[in-house]
Amino acid sequence: MTRPALPDWRTTLPWPAVDVHKHARGRLGVVSGKATQTGAARLAARAGLRIGAGVVRILCPPDATAVIAPAIEAIMLTPFGSDEALAEAAANLDAVVIGPAAGINDATQANVRALAGTGAALVVDADGLTVFEGWPEDLFEVLDRDDVLTPHEGEFRRLFPVLLEQGREAAAAEAAKRAGAVVVLKGVATVIAAPDGRLSVNDNGTPWLATAGSGDVLAGMIAGLMAQRMDSFDAARAAVWMHAEAARGFGPGLIAEDLPERIPAVLAALYSQAV
Ligand SMILES: NC(=O)C1=CN([C@@H]2O[C@H](COP(=O)(O)OP(=O)(O)OC[C@H]3O[C@@H](n4cnc5c(N)ncnc54)[C@H](O)[C@@H]3O)[C@@H](O)[C@H]2O)[C@@H](O)CC1
Ligand SMILES: Nc1ncnc2c1ncn2[C@@H]1O[C@H](COP(=O)(O)OP(=O)(O)O)[C@@H](O)[C@H]1O
């Protein structure tokens, strides 16, 4: 018996319907760090907006409001003063990114937990992963299967100390099972693994991506597709490929700020194949 081919992510990209409106298109939240650490959230938010989320809101500690407000236009801003207030602010969001420059402290842990109790699908990156070093089960027990973890190898080791000895593919597959969530093990050939056993290795990586903040952009791209109701595993595969394609299109001199601005060209090429 032959198994039906898994749908390729290109066939499930969320192109907007004629009668869509911005809220129906998908609402994305990105949690910012404190006043001196807001750039990572702004990169992720801009990437999420560029990849098609209809409404994007940065959720920030009160001290960061005056820093972020003059640095955004289409992106909205909501300050929160506690984990409960964060959950309230995220109540009507479809997807949320937490972790980029969030801070390695108890507040970030509490914020991840609070967001996990909302209906939003989560992308947990960077400090959102690092804060669970030593007690990863505390993270895994609050995750849903449509949540996504996006560790680089350093962050992966903090949550899964010996798994990489099995090789990157086996490690990512086991990590996804243990976490009960999609795991994106970043690197030269990024591995994407789902808790149901689906596994994919990205094939268009480029070293131009080895630049500060490129991972923050990727987190925003994945969550931006998830906010548009794309399956989390497909969203991760699609975003990882588009992220690399955007970097290839730019080439030498690429910095993370350039990546969101290359997304339209990458989307346009995919759209021309879809219609
Ligand atoms: N514009 C911004 O505001 C930016 C903020 N960022 C944030 O800054 C905070 C600290 O970033 P750091 O880069 O110091 O933290 P990392 O956790 O990335 O790096 C700390 C250590 O982890 C190890 N490591 C890093 N990348 C690795 C890899 N790919 N493979 C193996 N080991 C690796 C290295 O030993 C490194 O010294 C994070 O919250 C991050 O999200 C960064 O994303 C860069 C841009
Ligand atoms: N040499 C490389 N080849 C391909 N991709 C790379 C390379 N170096 C880094 N990347 C990609 O760049 C991104 C870096 O993410 P991350 O380490 O989280 O950076 P940051 O924390 O600065 O945002 C990942 O998507 C990773 O796969």
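## Core, ligand shells and selected residues of a predicted model

The largest nonpolar core comprises 93 residues, and those with the most contacts inside it are Val96, Val182, Val183 and Ile222. Helix H11, residues 232-250, gives the most to this core, with eleven residues. The structure is a predicted model.

Valine 182 illustrates the contacts made by one of these core residues. Setting aside residues up to four places away in sequence, Val182 touches Val148, Ala176, Ile192, Ala193, Ala194, Ser232, Phe233 and Ala236.

Helix H11 is mostly covered, as 15 of its 19 residues are buried. At 1.5 Å a residue, the 19 residues of H11 should span 27 Å, and the end C-alpha atoms are 27 Å apart, which agrees. Glycine 251 follows H11 and has a positive phi, near 75°.

The model also contains ligands, and the shells around ligand 1 and ligand 2 are set out below.

| Ligand | Residues around it | Nearest residues | Classes in the shell |
|---|---|---|---|
| Ligand 1 | 16 residues | Gly39, Ala126, His152, Glu153 and Gly154 | five nonpolar, seven polar and four charged residues |
| Ligand 2 | 17 residues | Lys186, Gly205, Leu209, Ala210 and Gly215 | seven nonpolar, eight polar and two charged residues |

Several helices take part in the shell around ligand 1: H2 (39-50), H6 (127-130), H8 (153-159) and H10 (214-227) each supply at least two residues. The largest share, three residues, comes from H8.

The unreviewed UniProt entry lists Lys186, Gly187, Val188, Ala189, Thr190 and Gly215 under "binding site". These positions are spread over 30 residues of sequence, yet they cluster in space, with a largest C-alpha distance of 13.9 Å. Two of the listed residues, Lys186 and Gly215, are also among the closest to ligand 2.

Val188 and Gly215, both on the UniProt list, may be considered in turn. Valine 188 lies in the loop between strand E7 (182-185) and strand E8 (191-193). Val188 is classed as exposed because 11 other C-beta atoms lie within 10 Å, and a residue with 12 or fewer counts as exposed. Glycine 215 is placed in helix H10. Gly215 is classed as buried because 25 other C-beta atoms lie within 10 Å, where 20 or more are required. Apart from neighbours within four places in sequence, Gly215 is in contact with Asp125, Ala126, Thr150, His152 and Lys186. Of these contacts, Ala126 and His152 are among the residues that come nearest to ligand 1.

Two further positions are partly exposed. Lysine 34 is found in the loop between strand E1 (27-31) and H2. With 17 C-beta neighbours inside 10 Å, Lys34 counts as partly exposed. Beyond its neighbours within four places in sequence, Lys34 is in contact with Pro61, Asp63, Ala64 and Gly103. The C-alpha atoms of Lys34 and methionine 242 are separated by 29 Å, and the two residues are 208 residues apart along the chain.

Threonine 65 is found in helix H3, residues 65-68. Thr65 is partly exposed, with 16 other C-beta atoms within 10 Å. Not counting residues up to four places away in sequence, Thr65 touches Cys60, Leu77 and Pro79. Thr65 and histidine 23 are 42 residues apart in sequence, and their C-alpha atoms are 23 Å apart in space.

Definitions and conventions
Residues are numbered from 1 along each chain as its sequence is written. Chains are lettered from A and ligands numbered from 1 in the order in which they are written. This is a predicted model: local features need pLDDT of at least 70, side-chain atom pairs count only at pLDDT 80 or more; totals for chains, interfaces and linings use all residues. A nonpolar core is a set of buried Ala, Val, Leu, Ile, Met, Phe, Trp, Tyr and Cys residues joined through C-beta atoms within 7 Å. Helices (H or I, at least four residues) and strands (E, at least two) are DSSP runs, numbered from the N terminus. Two residues are in contact if their C-beta atoms, placed from the backbone, lie within 7 Å. A residue is near a molecule or strand if its C-beta atom, placed from the backbone, lies within 6 Å of it. Ala, Val, Leu, Ile, Met, Phe, Trp, Tyr, Cys and Pro count as nonpolar, Asp, Glu, Lys and Arg as charged, and the others, Gly among them, as polar. UniProt positions are given in the numbering used here, feature names are shortened, and annotations may be inferred rather than shown by experiment. The expected span of a helix is 1.5 Å times one less than its number of residues.
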